[in-house]
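Reader: I would like a close look at one part of this protein. Please keep it brisk and connect that part to the rest.

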Amino acid sequence: MAISLWPDNLDAEPAIDSAALHTAYADVRGIWTDHRVAIADFLISSLGSLNGQTYKETSIREGAAQWDELFRTADPLAPLGKHLRLYRDFTLNDRKKKAATPPSHPFFTAAESFLAQRETIDGALALRRLRLIRGLLDEAGVRLRESKHARRVVSFDDMLFNVYERLTNGSYPWLAASLKARFPAALIDEFQDTDPLQFEIFHSIYGAKDTPLFLVGDPKQAIYSFRHADLHTYLRARQHATQESSLVANQRSSRELLAALNRLFATNPLPKKSARLAVAQAVAAEIARLLREAGDDRIKVAGSPLRAGDIAVLVRSHAQGGETKRALEALGVGSVEISQSSVFQSSDAEEVERVLTSVLEPTRDRLLRAALATELMGCDAAAVEAIAGDEAALMERMLQFSDYREQWLRRGFGPMYRKLLATEKVAGRMLVRPDGERRLTNLLHLGECLHQASESHPSPEGLLRFLRTQRSEGGADEAAQLRLESDQNLVKIITIHKAKGLEYPIVFCPYLWDGRTSFGGAGIEGSEYHDDEGIPVIDYRGDAIDDEAAKEIKAKIKLENTAEFLRLIYVALTRAVHRCYLVVGCYTNLSFGKPSVTESTRSVLNWLVAGNGHTPEAWFAAKTTPAEIAAACVALAATEPAAINVSALPPDAGLPLSPTRPDPASLSAQAAPAVIPGGWRLSSYSGLSYGAISEHAASDHDARIGTATTLGAAPPDIAPEDILRFPRGGPAGECVHVVFEEADFTDSSTWDRAIALALENHPQSLPGVPQAEGRLRLRAMLWQMLVDVTGAEISEGLRLDSVTRQRRLNELEFNFPIPHLSATGLNELMSQLGYGGPRLTFSRLEGYLKGFIDLIFEHQGRFYILDWKSNHLGFATADYDAGPVANAMAEHGYHLQYLLYAVALDRYLQRRIPGYRYETHFGGVLYLFVRGVRPAWRNGDGTATGVYAHVPPHETILQLNALFGQQLSKSPAKVKP
């Protein structure tokens, strides 16, 4: 009966010119292949003339990646990404700024031609598809009815349709009057269950309103939508009514029966959900009472007043624990959940996902508003609305999230997350909440888990996918299990499985009355049970077995689940030392749409109380009533009146527990210790040399070389693409390191990608040079640097363009245990060994020394340490001779750096090379000041400029090991390959 709306041009047949499409595709692909980088850079350099809401650097780069993907398929009809349109003339003209000239390029014109061809063809194909669907809807019903008619098959729906068709198609104009004459009045009961087709039939007969039609119905009982009953049809029919009447009194039942029914819906057995809430409330009320009595010194355990920590509530699921915790919080009783649930299943994980999604796309205001609305960010509805309505405030928030994104890209997830929590004052806002400790613990735990996961998911997009996967899968390894938010004196809420082997003075078992025996989701495929010999069976036969065997297997599985639940009850009831509270009784749940007590009366706990010698199989078949079970509970208590007491579940919510605070006058500060020993900590080469304390400082990528502004500008005879013109300082050093890390020295086809990745992650600029031209120059500088460095003979017979990826290892991470290390001791040893450098002043180190070695490579059976240095020593060949390089090594303390690296590599090789000998396998260290490493630049003795080469004597390594207190045979260094 629905109206179908179709496009006006549905029957149009646009011409499809596939030859023109292939030609346009070939043209645009050819231009892109030849000028891909220049096109994207040119469009990015033109952002100033384009609408900022549509054109952003990230969107342009995504568009470039989508063009790459389209051309990789070699299929002009492949799916199109949404950002491709940013490269077409129409969009550039449509989304330019007022009075600005849009950028122009042959690729944009070619892209316009291709995309216009695609739109024409896509539109034609879409129309053909819609015509196919329309034809299916027009023909399928008719053909089905014709087939039924030929087979002489008629269903109830067919009879209704036949009447409707004859009343409305005009072929039988007399039919409605004939039916009305035969039935001059009609009454339709339960009209809320009428479907649209039935209503049209009655409306066709009685719509003139000259004969009475009575419609009786109750919209609150419109529950048969699965039978096509339509509440909207009822409401539409009511609008046609000339008179409405309602019942003011129940005419069906006696007053006494109505009173009994009202009492039934207000008393036990409660619906299952209501019973759970009532039980949680009753448990909380009793715990509050116990603690109140203990506060008045009336309840003691082992001679001391009862404490909250003496009480445990045993549950089967995290949901039950959450209900109990909320009920306790409502009465001011502190509690802590001890659970095996995953932190990724918490509401905090969902909020972190929302915030991180916005951080990755900070300019999308919809995602930003969703992030701000979280409790993590702390904005209520009014605050979000105010920010959304204030352009300046919205822009400020976008810039703030953009800064978080930049931090994530530059420094990694951990530093960004810490900055976000500090900037948004999350700890302060969370800790004032009743559940603040729990929430803050979850947020910190999530940050730690994601920081660890970022090692294997380094890209922000990959890490966000990891978070979404963890949230959807639901499993929890040990690292992700919820942590205790406090070690204070709190009521313990713990799962029965977790409580096995433990004991508590007072135990509450609130949920053992549940008639379900199996919890959790689906397991492996197949049916699991044991045969008559006790051998485990996984039955994959499914429908291949007969009904009797299937029934027997089902009963066996149910019996095994029952036995396991019975054992679980035993464990729960035997955790208490002095008192155990057990909730027993029945409840209702829906069975075939009606309230039923069957599940509850057949529960294992009720079998223990009222089984009367029944076997479990007989108990499941019995029809025991709630009254019989209640009587059995009372009878059981009468057998041990001094040990068992039965009382009804209290209906009231209980009295809140008054907070106890110590008398301020009784508080005093402890005396400070005379000496506070230093704790174990993590340090690095930067920590020893410069006092850096962050873990990030372990990656010593020229972070402290300075910008060498005293060198001035480059002389005019220096070529524009010379690396000597490349920017200076720490960020430039990071960029150079990424180039060497990502490039394959033996395959120049990998260099473009390595350079693009380095400049994308560590953007650089050339003062006074337009952005587009600057990008081209920077790429040329880094390319020429790779050519020079890999082609120079850095040691006798050694060129890096002969070192394959299989013979190199980037960024080898190591950790030294350092029991005791002082600056004085290390200074003395360095002086004795003859290594110069700044005097060390770090505080005494007890802990670990961490670092990352830029490159380890093998050459002719020897292993070398190579460190990339981007220090700018000058513009002339002589500035990179052996003397200036040696001065730079001493000035920056690089001797200590490579000695630490040598110790790490020595230990690493000892564990991996059979028969390892330092003199045979250790090749030495190579420090390459890459701006001065070139094939044509040589020192006076013929060695390469810009290279510091040294092989520390084995005795030096042994002395350093002794200083570090390391016994290699017992505790080798931990190295992460």
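With which residue does Glu353 form a salt bridge, and how far apart are the closest N and O atoms?

Author: Glu353 forms a salt bridge with Arg471. The closest N and O atoms are 2.7 Å apart. Glu353 lies in helix 12 and Arg471 in helix 19, so the pair ties together parts that are 118 residues apart in sequence. Keep in mind that this is a predicted model.

The two partners differ in cover. Glu353 is buried, with a relative accessible area of 16%. Arg471 is partly exposed, at 26%.

Now take the helix that holds Glu353. Helix 12 runs over residues 347–360 and has 14 residues. How long should it be? At 1.5 Å a residue, it should span 20 Å. Its end C-alpha atoms are 20 Å apart, which agrees.

Helix 12 is mostly covered, with 11 of its 14 residues buried. Glu353 is one of them. Several others carry acidic side chains or small ones, including Asp348, Ala349 and Glu351. Val352, Val355, Leu356, Val359 and Leu360 are buried as well. So are Thr357 and Ser358.

What does the covering? The list includes helix 13 (365–372) and helix 15 (391–411). Helix 16 (413–423) and helix 18 (436–453) also take part. Helix 19 (460–473) is there too. Helix 19 is also where Arg471 sits, so the salt bridge from Glu353 reaches into one of the covering helices.

The structure holds 42 salt bridges. Side chains of opposite charge can pair when their charged atoms come close. Here are two others to set beside the first.

Start with Glu13 and Arg131. They form a salt bridge, and their closest N and O atoms are 2.8 Å apart. Glu13 lies in the segment before helix 1 (18–45) and Arg131 in helix 4 (residues 106–150), so this pair ties together parts that are 118 residues apart in sequence. Glu13 is partly exposed, with a relative accessible area of 48%.

Next come Arg807 and Glu858. Their side chains meet in a salt bridge at 3.2 Å, N to O. Arg807 lies in the loop between strand 17 (798–799) and strand 18 (808–821), and Glu858 in strand 19 (residues 845–859), so the pair ties together parts that are 51 residues apart in sequence. At 25% relative accessibility, Arg807 counts as partly exposed.

Some salt bridges share partners. Those bridges join Asp348, Glu351, Glu375, Arg433 and Arg439 into one network. Look back at helix 12 here: Asp348 and Glu351 are both among its buried residues.

Charges also meet rings. Arg808 lies over the face of Phe745, at 4.0 Å from the ring centre. Lys869 lies over the face of Tyr894, also at 4.0 Å from the ring centre.

Rings pair with rings too. The count comes to 35 aromatic pairs. The rings of Trp32 and Phe107 have their centres 5.1 Å apart and their planes at 40 degrees, so the pair is tilted. Trp32 lies in helix 1 and Phe107 in helix 4, so the pair ties together parts that are 75 residues apart in sequence. Both residues, Trp32 and Phe107, are buried.

Trp67 and Phe71 give a stacked pair, with 5.5 Å between centres and 25 degrees between the planes. They are four residues apart in helix 2 (residues 57–73), a separation of about one helical turn. Trp67 and Phe71 are both buried. These two pairs belong to one aromatic cluster, whose members include Trp32, Phe107, Trp67 and Phe71. Tyr25, Phe42, Tyr87, Phe108 and Phe114 are in the cluster as well.

Step back to the whole protein. It has 34 helices and 23 strands. Buried residues make up 40% of its 977 residues. Among contacts between residues at least 6 apart in sequence, 74% join residues at least 24 apart.

Last, how far can you trust the picture? The protein averages a pLDDT of 84, and 87% of the residues score at least 70. Over residues 220–227 the pLDDT is below 50, and this stretch has eight contacts beyond near neighbours in sequence. Residues 692–698 also fall below 50, with 12 such contacts in the model. Where pLDDT is low, the predicted coordinates should not be read in detail.

Notes
Residues are numbered from 1 along each chain as its sequence is written. This is a predicted model: local features need pLDDT of at least 70, side-chain atom pairs count only at pLDDT 80 or more; totals for chains, interfaces and linings use all residues. Side-chain values use heavy atoms; hydrogens and water are left out. Helices (H or I, at least four residues) and strands (E, at least two) are DSSP runs, numbered from the N terminus. The expected span of a helix is 1.5 Å times one less than its number of residues. Buried means under 20% relative accessible area, exposed over 50%, partly exposed in between (1.4 Å probe, protein chains only). Contact means heavy atoms within 4.5 Å. A salt bridge is a side-chain nitrogen of Lys or Arg within 4 Å of a carboxyl oxygen of Asp or Glu. Rings of Phe, Tyr and Trp (its six-membered ring) pair if their centres lie within 6.5 Å; planes under 30 degrees apart count as stacked, over 60 as edge-to-face and the rest as tilted. A charge sits over a ring if NZ of Lys or CZ of Arg is within 6 Å of the ring centre and within 35 degrees of the ring normal. pLDDT is the predictor's confidence in each residue, from 0 to 100.
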